[in-house]
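Student: I would like a close look at a single part of this structure. Please take one helix and its surroundings, and then say how the chains meet.

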Amino acid sequence: MAEYTARIEREDLITFINACFTCTGQAEFYSSSAEQGVSLSFLHEYIRTNYRRLYARCLAAGINHYNQAEIVLQLLGAGAPESDADRQEESRLIRYALSSLPTQRAYKLLEQAGQRRINNRRCRAVVRQFLAERKNLVFEAVKYRNRMRRIHSHGHLRSEDELGRFLFGDAAEGRFETPIFDAYRRAHYEERALYELPYSVAEGFAAKLSIPRDRFLARIAPRMTSAEKARTARAAEREEIDDWRVDWQRRDPTQLATYLLSLGIPERRARLAELEAAMKASAQRIVREVPYRLGRVSMVLDNSFSSRGSADKAHRPLAVALASLYLVEQASASLRAFWTSPIAHPLLARAQGSTSLGQALLDALAWKPDQLLIVSDGFDNDPPNGASEVLRVYCSRLDPGAEVEIVHLNPVFDAAHLMPRALSSWAPTVGIRDAKDLFLMIGFARFAKGSMDLQALEAYLQRRMLEVLA
Amino acid sequence: MSSGLFGLDGLQPAPAQVWGAVRLMPLVQTRPIDDLRIDPLAFGEAFGLVGLDSRDPLLASQRPEDWPETVYASYIPHAYVISFGKRQAEAVWGGRLKKSGGKKLDLGPFKVRLLHRMMKKDCRDRWRILPLHLAMEGFLALHFAGPAIAWQEYSRQALTYGLSPRIEGSISGRAIRGLEDALRVFEIHAGQVGMAVFVADALAAMMVVSHPDDYRRLHRSLVEDFFCDLMLHYGLYSQVPEDLCPRMRTEGIRSLADLQSAFSSMRQGWHDAFSLLAEGLLERTLSMETVNKAGPHRLLRFVTRLDPARENHIGESIVREDGRVEYLKTYRLSAAQTRRAHLLQVLAEHGWHLEDAAGALNETRRSLTRRMENAGFGYLLKENVRAAARSRRRK
């Protein structure tokens, strides 16, 4: 009986962590965002109620930001646990999560606490402490003014200095001592002051003052973050601004892949050398930080029609496949990629054709790799179940000793099954949202396969927790 | 009426895709032509009344003076405009090239569109047809005139007005679970001009147009077509049954090469399933009626030879002189619809003589009467004939 319970627990946790790596509540190709949201919030509530300690520890497992924020909210909403040790551990994890989340996500999280009417003592303390520790609070108050205001009013926070007047007063009137607050005030009337503000705020004033787009972009450029610069690269091109330097190599491989998939094939072909160099450099940067190395690897990559994602996440599955390819290339001794519909060059990939995973798998196995990585949404239709049958027969008849390590990485969360859709029980399926988690997920696949028991999983989570809290 | 075999000249089936119980089999045109284009013409109000001025002199003569002309009433969300020749009008955004066609009648909560005829020549080289309704109207009009000889068993209504009103029910494509999603998630192949829709692996409908661009436009409109009610139930089979999913043989596989050959044969088997699945329509003898002609194009509607033991389809198509299919839409009849039509056909073949028809069906006159009653044709018979059949049954 105890063994049975342990198995159920292990499966619950694997399902949950898998979902937390993949799902962000956005629409996918095969399901809407409402379906995804319902499915995910059920999982969160279920795990929080049944495995509170492990639920909190998932914060350290490297899951995506969306789910980190959701866990923090759920924990804050459920009140503090009974025992002191648990309470302390949870608080440290929440603090860690809040400080490691990107700024905009952290503020959104605190704002959502207001929307969900969470306002217990612990929650207020967390908000106070978070704000007290911000190094650049003044700047963030300008950039996230509305959020900051809602957070302040929800938590009944007092600020004696100018911040209170800036948030709650008429920010267009009365001089401020703080330079950036004053710039915000002047920007209501004066174009020069606008260029002292963060880009996202300046954008609104630029529209208000009807500043020509090319002049605005050229002059705001020094204030932009590299992500903002990458996002506006197309607009800068349109406005013919010459020295728009986007440091593509600093972008993560998945972001870079998403950008290049948004370009037309002729443009990609014209800039092939540049894009390829950027992809390689970006992948190298990620791989340098992880100690994981692979041997002879073959990859099966899905570029079927369904890998185009949805309106919410355009081309995401294909971008993950593409980025994984470049990452594995940097981290493996030798690599060969097998696409479901063959292409001349990986960077010229397009989401089209039916999914014939089975044939690609056979080609990949024929190359005799040590490891076989499959990046696919798990929908296989030419013929249906083709890949699953190939895996079944291969693993049961040709490779009973499991000499080839097979891992299925799935960038799509299947709302109906509460987890990324599996290809076959013979290969573990793990979710992946950002290709840079690839190596983490390959490690995690051991749990998904069932070769490790609950204690090992708990120990793994504890180790991760101690690592991040150290 | 003439008869012939159903064929799909020049069309190649491509690998099918399955979503829930729905399987879509793309049909690809190997040699596309572009002198026949089809445009959808959407009507805002879904309910439509179509006036059918009958060209059947018998029917026209039977109609009393004060009796309105024959009317076809149905859910009609759109029409197709078929243009011949490469004379596509170049449109600018906001321009209005097409008249919306027909009059509108405002009936409080409903708006009803009044249309004239199933198929109408808009101008010299353009037709407006009501897709699938053309075929359905042909089906409903089968032996619509009723008994030609005034046998004493038939009621006054049957002798005066024929089968009117003749009613058949069907369901919208939206009611079939998974069809709308399937149309969204499946990719349109390069050169795809048509599709065969299977629900739980029964052929529900087939659609073909002549140009891939037209198909792309009309692909999603399939969900607005009507289907037989059987498909509603078939759609509830949520998955392709496990047994129907292709399996690979395990025995005798000792190397990757063996695995490869096993996989190839499994894939081939899956692709070959088309001819097997569409058997109910392919290679069937049809009775066809030519509705109109324009140059080498012939618009016809057809019914498979009605056989209550098999699946039966009705449809309409435009066929070129060389036999190439340029437009096709079919509808699968439900078993009850087939039985009703079959009954009418047997009656008509025997001059509506009850004894003769009963003999042809290997039945007695009484059981035939009961059968007519069950099929909803009781109103054709005199009350005493119906009562006699009923009283016998009670004994």
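Tutor: What follows looks at one helix of chain A, then at aromatic rings, then at the interface. The model is predicted, not taken from an experiment.

The part to look at is helix α11 of chain A, which runs over residues 179-186. Six of its eight residues are buried, so the helix is mostly covered, given that buried means under 20% relative accessible area. The buried residues are Ile180(A), Phe181(A), Asp182(A), Ala183(A), Tyr184(A) and Arg185(A). Among the elements of chain A that cover them are three helices with lower numbers, α8 (137-143), α9 (145-155) and α10 (162-168). The cover also includes α12 (191-194) and α13 (199-208) of chain A.

One of these neighbours, α10 of chain A, holds Phe166(A), while Phe176(A) sits in the loop between α10 and α11 of chain A. A pair of aromatic rings is described by the distance of the centres and the angle of the planes. For Phe166(A) and Phe176(A), the ring centres are 6.0 Å apart and the planes stand at 80°. Planes over 60 degrees apart count as edge-to-face, so this pair is edge-to-face. Because Phe166(A) is in the helix and Phe176(A) is in the loop, the pair ties together parts that are 10 residues apart in sequence. Both rings belong to buried residues: Phe166(A) has a relative accessible area of 0%, and Phe176(A) has a relative accessibility of 6%.

Over all chains, the search finds 22 aromatic pairs. Ring pairs also link Phe29(A), Tyr30(A), Phe305(A), Phe379(A) and Trp19(B) into a cluster. This cluster has members from chain A and from chain B, which leads to the interface.

There, 28 residues of chain A are in contact with 26 residues of chain B. The area buried between the two chains is about 2,400 Å², and carbon and sulfur atoms give 62% of it. Between chain A and chain B the count of salt bridges is zero, but two residue pairs are in polar contact across the interface. On the side of chain A that touches chain B, α21 (357-366) and α22 (386-398) of chain A each supply at least two residues. Helix α22(A) gives the most, with eight residues. By type, the residues on that side of chain A divide into 13 nonpolar, nine polar and six charged.

Definitions and conventions. Residues numbered from 1 in each chain as written. Chains lettered and ligands numbered in written order. Predicted model: local features only at pLDDT ≥ 70, side-chain atom pairs only at ≥ 80, totals over all residues. Heavy atoms only, no water. Contact = heavy atoms within 4.5 Å. Buried area = accessible area lost by both parts, 1.4 Å probe. Salt bridge = Lys/Arg side-chain N within 4 Å of Asp/Glu carboxyl O. Polar contact = N/O pair within 3.5 Å; in protein donor to acceptor, adjacent residues only side chain to side chain. Helix = DSSP H or I, 4+ residues; strand = E, 2+ residues; numbered from the N terminus. Nonpolar A, V, L, I, M, F, W, Y, C, P; charged D, E, K, R; others polar. Buried < 20%, exposed > 50% of the residue type's maximum accessible area, 1.4 Å probe, protein only. Phe/Tyr/Trp six-rings, centres within 6.5 Å; stacked < 30°, edge-to-face > 60°.
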